[in-house]
Amino acid sequence: LGNLVVKSEEELTRAYLLGLLDGPDRESVEDRLFADDSYLDQIEDQEDQLIEQYLRRELTAKERSAFEAHFLSSARRRRRMEVTQALVRIAGALNKPERHASPSYWWSALFHQQFALTALAIAILSTGLTGWLAVRLVQERNIAAARQREWSIERQQTTDKIAQLQGAQAARSATVFALTLAPGLLRGQTERVLRIPVAAGTVQLNLQTQAALPGPHYTATLHREAGGDIWRSDDVRREGTRQAMVLVPAEMLSAGRYLLTLSAPGKTGPGGVIDDYAFGVTRE
Amino acid sequence: MGFRNSRPWNDTEFQALLVWLDPDPNRSGAAYAKLHQRLRLFFEGWRDAARYAEELADATIDRSLRKLTENPELASREPIPYIRTVASYILKEFRSQPQTIALTMDTRDSRTESSTESFDETRCLNRCLGRLSAEDYELIVGYYAHDKAADALKWRKVLLPQRLKKSYGAVRVQVLRIRRTLEECIDRCLDGSRVVTFRGQDNRHQ
């Protein structure tokens with residue numbers, strides 16, 4: 001019994017989704033998968049939780065590795081992760097202190113006001129209608145209806161504005177300008193000057209590296225020559241044994257000289273640096 | 001050997017499968033959806049098959065239907081255990097020569113993941129989020145408005161339903177529906193999207 005490890009149902013499901021189960025444990029999960037409808041919902045919840053823990057870097061190293069090697073080999077799960085990633089980002093932005101300006105707060109306030117008016121009307125009706133009360137009720141209803149119309153218009157305008165902004169952003173973002181950079185800090189003859197069209201929405205930098213890249217993700221930090229970090233991405237992806245790719249918003253690259261540093265994931269200090277890329281930018 | 005060569009089903013054959021899964025016509029569609037979900041999860045449980053889980057699930061249903069057409073007496077047996085056995089055979093065949101079979105399959109999942117496509121996905125995601133109704137947008141974003149993944153269950157099962165004055169089950173079903181709508185919208189968007197890419201306009205400074 002020395003090696004006997006009793007796993008909870010949740011642990012078994014989680015290990016199954018990460019491809020870490022074998023033998024009788026795997027069979028027991030598969031048995032339940034084919035026999036119990038409610039288990040399908042539980043699996044879906046576990047998938048969500050794993051995805052979120054991965055995105056929030058809350059998985060152990062072993063789980064993370066299994067998640068990338070096994071869980072993400074399914075296209076459906078990759079798509080789900082991308083959708084979740086975007087939603088977590090948006091939710092995170094709305095959770096910031098200025099939430100009173102957010103649509104959530106606006107919607108919540110709207111909901112509570114509507115609820116209060118309805119409750120008032122019900123309260124009036126339930127106490128019996130005398131003449132003046134009936135008149136008052138009609139007035140309240142008219143006011144409520146007018147407010148609802150205003151809110152409806154305001155809400156539609158907000159939705160239209162968001163759609164308009166997203167449409168404009170999407171159209172602009174659709175223009176990708178791709179470039180390849182070799183590592184190096186030398187100025188003068190070997191420095192590259194990137195001529196970036198004004199219409200470019202995003203600059204795709206393919207970063208060649210001196211050494212082979214072992215992992216799938218890296219960090220890039222962009223500095224101006226004058227000093228100071230101006231932009232950072234933790235979503236730099238390995239594109240080949242000695243090449244990584246980063247997408248930089250074109251508005252970050254006005255005319256001037258820049259230094260981009262490629263680092264191990266999340267390690268922007270000197271110990272984590274993989275390569276540096278010096279380059280100049282002109283906009284045409 | 002491949003899994004794509006079976007003939008298309010006709011309505012009568014497919015109807016026979018639905019009846020086999022559940023004789024009640026009001027429930028047989030849901031039973032079919034659950035069967036497909038089970039099979040997909042089963043194949044996703046195997047690392048080498050996970051990438052083709054959708055196709056292998058389709059192949060399993062296809063073969064089960066073929067067996068049912070050839071042998072109508074099968075309808076007297078419990079469908080799920082039988083179809084599970086078929087799935088095991090399909091997996092065995094796939095694993096015996098995965099590369100050959102993989103090449104013959106519909107590889108809609110195996111799009112080359114270039115950086116441009118990844119960027120396309122972001123664009124499509126933004127577009128599809130923009131198409132949600134205000135209520136759906138608020139709900140799906142609100143579903144993720146907790147700080148840590150560990151807090152998610154409490155937020156989703158207790159706090160959010162309280163705030164929305166709905167049951168957890170109702171919130172969950174709505175969120176799943178919205179997310180599926182989003183995923184389908186993104187798939188359609190990606191199928192029709194084109195990204196303009198300029199190359200070779202960089203020069204060495206002389």
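This report describes a predicted model, taking in turn its confidence, chain B, ring contacts, enclosed spaces and a few single residues.

## Confidence in chain A

The average pLDDT of chain A is 72, and 62% of its residues score at least 70. One stretch calls for particular care in reading: over residues 96-137 of chain A the pLDDT stays under 50, and for this stretch the model has 34 contacts beyond four places in sequence.

## Layout of chain B

Chain B contains ten helices and two strands, and the order of these elements, read from the N terminus, is α-α-α-α-α-α-α-α-α-α-β-β, with the two strands thus following the helices.

Of the 206 residues in chain B, 47% are buried. Among the contacts in chain B with a separation of 6 or more, 66% are between residues that stand 24 or more positions apart.

## Aromatic pairs

Over all chains, the structure holds nine aromatic pairs. One of them is formed by F34(A) and F42(B), whose geometry is edge-to-face, with 5.7 Å from centre to centre and 65 degrees between the planes. Because F34(A) belongs to helix α2 (residues 23-35) of chain A and F42(B) to helix α2 (residues 25-44) of chain B, this pair joins two chains. F34(A) and F42(B) are both buried, and ring pairs link these two residues with F43(B) into a cluster.

Another pair is made by W20(B) and Y82(B), with ring centres 5.9 Å apart and planes at 55 degrees, so the pair is classed as tilted. W20(B) lies in helix α1 (residues 11-21) of chain B and Y82(B) in helix α5 (residues 79-96) of chain B, and the pair therefore ties together parts that are 62 residues apart in sequence. As with the residues of the pair between the chains, W20(B) and Y82(B) are buried.

## Arginines over ring faces

Two arginines of chain A are placed over aromatic rings. R26(A) lies over the face of W46(B), at 3.6 Å from the ring centre, and here the arginine and the ring come from chains A and B respectively. R77(A), in turn, lies over the face of F71(A), at 4.5 Å from the ring centre, with both partners in chain A.

## A pocket and a cavity

The second largest pocket has a volume of about 300 Å³. Its lining comprises 18 residues, and those nearest the pocket centre are Q42(A), D45(A), Q46(A), Q49(A) and L153(B). At least two lining residues are supplied by each of α1 (9-17) and α3 (37-55) of chain A and α9 (152-164) of chain B, and α3(A) gives the most, with eight residues.

Across the whole structure, a search finds one cavity of 30 Å³ or more, and the largest cavity has a volume of about 40 Å³. The residues that line the largest cavity are D45(A), D48(A), Y143(B), R172(B), V175(B), L176(B) and R179(B). Two or more of these residues come from each of α3 of chain A and α10 (168-192) of chain B, and α10(B) provides the largest share of the lining, four residues. D45(A) appears both among the residues nearest the centre of the second largest pocket and in the lining of the largest cavity.

## Two loop residues with positive phi

Most residues other than glycine have a negative phi. R57(A), which is not a glycine, has a positive phi of about 55 degrees. R57(A) is located in the loop between α3 and α4 (61-69) of chain A, where this arginine is exposed, with a relative accessible area of 52%.

K165(B), also a residue other than glycine, has a positive phi near 55 degrees. This lysine is placed in the loop between α9 and α10 of chain B, and K165(B) counts as exposed at 53% relative accessibility.

## Surroundings of I230(A)

I230(A) is part of strand β5 (residues 229-240) of chain A and is partly exposed, its relative accessible area being 29%. Leaving aside residues up to four places away in sequence, I230(A) touches L222(A), H223(A), R224(A), M252(A) and Y258(A). One of these partners, M252(A), is 22 residues from I230(A) along the chain, and the C-alpha atoms of the two residues are separated by 7.7 Å.

Terms used. Residues are numbered from 1 along each chain as its sequence is written. Chains are lettered from A and ligands numbered from 1 in the order in which they are written. This is a predicted model: local features need pLDDT of at least 70, side-chain atom pairs count only at pLDDT 80 or more; totals for chains, interfaces and linings use all residues. Side-chain values use heavy atoms; hydrogens and water are left out. Rings of Phe, Tyr and Trp (its six-membered ring) pair if their centres lie within 6.5 Å; planes under 30 degrees apart count as stacked, over 60 as edge-to-face and the rest as tilted. Buried means under 20% relative accessible area, exposed over 50%, partly exposed in between (1.4 Å probe, protein chains only). A charge sits over a ring if NZ of Lys or CZ of Arg is within 6 Å of the ring centre and within 35 degrees of the ring normal. pLDDT is the predictor's confidence in each residue, from 0 to 100. Contact means heavy atoms within 4.5 Å. On a 1 Å grid over the protein atoms alone, a cavity is a set of points where a 1.4 Å probe fits but cannot get out, and a pocket is an open set with protein on both sides within 12 Å along at least five of seven lines; lining residues have an atom within 4 Å of a point. Grid points are joined across faces, edges and corners, and a volume is the space filled by probe spheres set on the points.
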